[in-house]
Every structure is written in C-alpha cells, then in structure tokens.
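User: I am new to this structure and would like a close look at one helix and its surroundings. Could you walk me through it in plain terms, explaining each term as you go?

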Amino acid sequence: MSKQFLITLLLLTFTLILAACGGGADDSSDTEGSVDPIAQGEKLYKQATIGSASSPGCVTCHSLEEGVSLVGPSHASVGARAGDQVPGQSAEDYIRESIVNPDAHIVDGFSPGVMYPKYANELTDEQIDALVAFMVSLR
C-alpha cells in the first residue's frame, strides 16, 4: 500500500470518528434547536451533585414519589401545590425563592437550616430557571 493511500484512509477514519461523536440530535431540544428547560431541569434535579462547587443535587434530599420524604419533603406534585403556599406568590416565584433562600418557606414537619443554603451563588440563573421549570411541571 502506498503512503498516500494510508494517509487518506487514516483521515477518513478520523473524520468518521469525529462525526460519530458529535452533531447528533439532543432529545431535550425543541424544533428550533434550543434546549428544553424542563428536560434540562429534570437532568439537573436528578444529578447527585450540581453547581460550581459540586453541591448536593435535589434528588439527594427530595423524592419525586408521593408521600416519600427523605431529608426534605417530597416534590411529587410540587408544581400543583407551590402556587397555593404563599398568597399572591406564583408557583414559579415560590419555588425559585425556596431554592435561592431555603429558609424563606419551611414546610410543616421540617426544620429550618437543613437545606443547602448556597445554591444562589453556585448555580447559574439558567440552571435555577431550568430547575424551576421542571418543578413547576410536576403536577
């Protein structure tokens, strides 16, 4: 085999490997190619650690099963309940405040000071928006 043929074969193989590694469709995207915030929030929620300082992920302390409480209350149907917690406050605002200021609203039966307090500094606004979108979708 000639040297030119081997180089061509090597470049073709490398190109095929690169094509296989990237450029595929993301199931969490909408038709315009932007990321679905609910899917992004669900992914973040279910990670063991999130944020810039590897903070504990939501799933570490909260269940998505009705009636199953871990360290914190269950988040099953939280999107349906959140808008009724504080008069005049939307579900989105209630959930956002609960993430960035965890002791603002303490669910009956749970103690203040237990939820990780630094998400406001360690998560980006986009990550918080995505978590809020996911949690509001839980109905």
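Analyst:
**A close look at helix 5**

Helix 5 has these buried residues: Ala 91, Tyr 94, Ile 95, Ser 98 and Ile 99. They lie on the same side of helix 5 because they span an arc of only 130 degrees around its axis. Buried means under 20% relative accessible area, exposed means over 50%, and partly exposed is in between, using a 1.4 Å probe and protein chains only. The arc is taken from the directions that run from the helix axis to the C-beta atoms.

A word on the model: it is predicted, so local features need pLDDT of at least 70 and side-chain atom pairs count only at pLDDT 80 or more, while totals for chains, interfaces and linings use all residues. Residues are numbered from 1 along each chain as its sequence is written, and side-chain values use heavy atoms, with hydrogens and water left out.

Now for the setting. The chain comes to 7 helices and 2 strands, in the order α-α-β-β-α-α-α-α-α along the sequence. Helices (H or I, at least four residues) and strands (E, at least two) are DSSP runs, numbered from the N terminus. Of the chain's 139 residues, 27% are buried.

What do the buried residues of helix 5 pack against? Their partners are helix 4, helix 6 (119-122) and helix 7. Ile 99 gives a good example: leaving out residues up to four places away in sequence, Ile 99 touches Met 115, Tyr 119, Leu 123, Leu 131 and Val 132. Contact here means heavy atoms within 4.5 Å.

That leads to the largest nonpolar core, a set of buried Ala, Val, Leu, Ile, Met, Phe, Trp, Tyr and Cys residues joined through side-chain atoms within 4.5 Å. This core holds 20 residues, and Ile 95, Ile 99, Leu 123 and Leu 131 touch the most other members. Helix 2 (37-45), helix 5 (91-100) and helix 7 (125-136) each give two or more residues to this core, with helix 7 giving the most, 7 residues.

Helix 5 also takes part in the largest pocket, where it supplies the largest share of the lining, 4 residues. Helix 3 (58-61), helix 4 (78-81) and helix 7 each supply at least two as well. A pocket is found on a 1 Å grid over the protein atoms alone: it is an open set of points where a 1.4 Å probe fits, with protein on both sides within 12 Å along at least five of seven lines, and its lining residues have an atom within 4 Å of a point. The lining has 34 residues, and His 62, Gly 72, Pro 73, His 75 and Met 115 lie nearest the centre. By type, the lining divides into 22 nonpolar, 10 polar and 2 charged residues.

One of those central residues, His 75, sits in the loop between helix 3 and helix 4. With a relative accessible area of 10%, His 75 is buried. Neighbours within four places aside, the contacts of His 75 include Tyr 45, Arg 81 and Leu 138. Tyr 45 belongs to helix 2 and, at 0% relative accessibility, also counts as buried. Among the other residues that Tyr 45 touches are Leu 131, Phe 134 and Met 135.

Technical notes: Nonpolar A, V, L, I, M, F, W, Y, C, P; charged D, E, K, R; others polar.
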